Amino acid sequence: MNCSHYTNSDSEKAILLHSSHRIVNHIRDSLEEKKMCASVFLGIKQAFDKVWHQGLLYKLRKKLPDQIFLILNSYIIDRYFQVKIENTLSQYHPVQAGAPQGSVLGPLLYLIFTAYILTTDDTIIATFADHTATLSSDTNPNRASDKLQLCLNVLQTWLEQWRVKVSNTKATQITFTTNRIVCPQTTIYNKPIPMKSEVTYLGLHLDQRLTWQAH
């Protein structure tokens, strides 16, 4: 399921716009204040397919009235899949993860599952579908990266707790700045995050100086 599926309704478009505006506004404010904005953009691996059912049901039970929870519980559990290769069928197996594909409720259930993601006071996090952006600004590049790394460590704990996996091939670090200095490299799962001068987030092509030339 790609990002174009998520924008079928006005509410989903509003969430996408809010997330992209929040990121761009923070970057612009940092540049105007002569700060360096250390940023990491992550992609969630098989986001919709890997929604942990027990974790999702736990969050639904805590946040929703019992009647609505019971309806959603019956909607999520007791689903089965079967594989067919030519004329041969496999046995039925229970579906233990994933938001139902192609459904109206799928994006909403995923948003609930990823809500209340952990962060720190000195950083901001913006999420939409399988895209997650983490930013930290400071006049000192080392402090900016230190604050960003602390947030990534906290985020990693949350990812492990809720069985969410990051795609290493989609992780990117970029420093938004008006000078040539870049913030030190950060890591996730003890692996350095590749550093680039441009990044794409929710269809926006962002360069280090936010000139919009790449876009």
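Helices here are DSSP runs of H or I with at least four residues, strands are runs of E with at least two, and both are numbered from the N terminus. On that basis the protein chain has 5 helices and 12 strands. What I am showing is a predicted model, in which local features need pLDDT of at least 70, side-chain atom pairs count only at pLDDT 80 or more, and totals for chains, interfaces and linings use all residues. Residues are numbered from 1 along each chain as its sequence is written, and side-chain values use heavy atoms, with hydrogens and water left out.

Taken along the principal axes, the C-alpha atoms of the protein chain fill a box of roughly 60 × 45 × 35 Å. Of the 215 residues in the protein chain, 42% are buried, where buried means under 20% relative accessible area, exposed means over 50%, and partly exposed lies in between, with a 1.4 Å probe and protein chains only.

Let me turn to the aromatic rings. Rings of Phe, Tyr and Trp, the last taken by its six-membered ring, count as a pair if their centres lie within 6.5 Å, and the pair is called stacked if the planes are under 30 degrees apart, edge-to-face if over 60, and tilted otherwise. By this rule there are 6 aromatic pairs. One of them joins phenylalanine 41 to phenylalanine 176 in an edge-to-face arrangement, with 6.5 Å from centre to centre and 80 degrees between the planes. Phenylalanine 41 belongs to strand S1 (residues 36-44) and phenylalanine 176 to strand S8 (residues 166-176), so that pair links distant parts of the chain, 135 residues apart. Phenylalanine 41 and phenylalanine 176 are both buried.

A further pair, between tyrosine 58 and tryptophan 162, is tilted, at 6.1 Å centre to centre and 35 degrees between the planes. Because tyrosine 58 lies in helix H2 (residues 53-63) and tryptophan 162 in the loop between helix H5 (141-161) and S8, this pair ties together parts that are 104 residues apart in sequence. Is each partner buried or partly exposed? Tyrosine 58, at 46% relative accessibility, counts as partly exposed, whereas tryptophan 162, at 10%, counts as buried. Ring pairs also link Trp52, Tyr58, Phe113 and Trp162 into a cluster.

Phe113 comes up again when we look at charges over rings, a contact that requires NZ of Lys or CZ of Arg to be within 6 Å of the ring centre and within 35 degrees of the ring normal. The charged end of lysine 59 sits over the ring of phenylalanine 113, at 5.4 Å from its centre, and that of arginine 79 sits over the ring of tyrosine 75, at 4.8 Å.

Next, the cysteines. With a disulfide taken as a pair of cysteine sulfur atoms within 2.5 Å, a search of the whole structure finds 0 disulfides. Why is cysteine 151 not in a bond? The closest cysteine sulfur, in cysteine 37, is 12 Å from that of cysteine 151, which is too far for a bond, and cysteine 151 is buried at 0% relative accessibility. Cysteine 183 is in no disulfide either, the nearest cysteine sulfur, again that of cysteine 37, being 8.0 Å away; cysteine 183 is buried as well, with a relative accessible area of 1%.

On the backbone, most residues other than glycine have a negative phi. Aspartate 78, although not a glycine, has a positive phi of about 60 degrees, and is found in the loop between helix H3 (66-76) and strand S2 (80-81). At 62% relative accessibility, aspartate 78 counts as exposed. Glutamate 86 also has a positive phi, near 55 degrees; its place is in the loop between strand S3 (84-85) and strand S4 (88-89), and at 72% relative accessibility it counts as exposed.

Finally, the interior space. A cavity is a set of points on a 1 Å grid over the protein atoms alone where a 1.4 Å probe fits but cannot get out, and its lining residues have an atom within 4 Å of a point. Grid points are joined across faces, edges and corners, and a volume is the space filled by probe spheres set on the points. The structure holds 3 cavities of 30 Å³ or more, and the largest encloses about 100 Å³. Its lining has 15 residues, with Ile44, Thr114, Ile117, Thr127 and Thr132 lying nearest the centre. S1, helix H4 (105-113), strand S6 (124-128) and H5 each give two or more residues to that lining, the largest share, 3 residues, coming from H5.

How values were computed:
1 Å grid on protein atoms, 1.4 Å probe; cavity = no way out; pocket = protein on both sides within 12 Å on 5 of 7 lines; lining within 4 Å.
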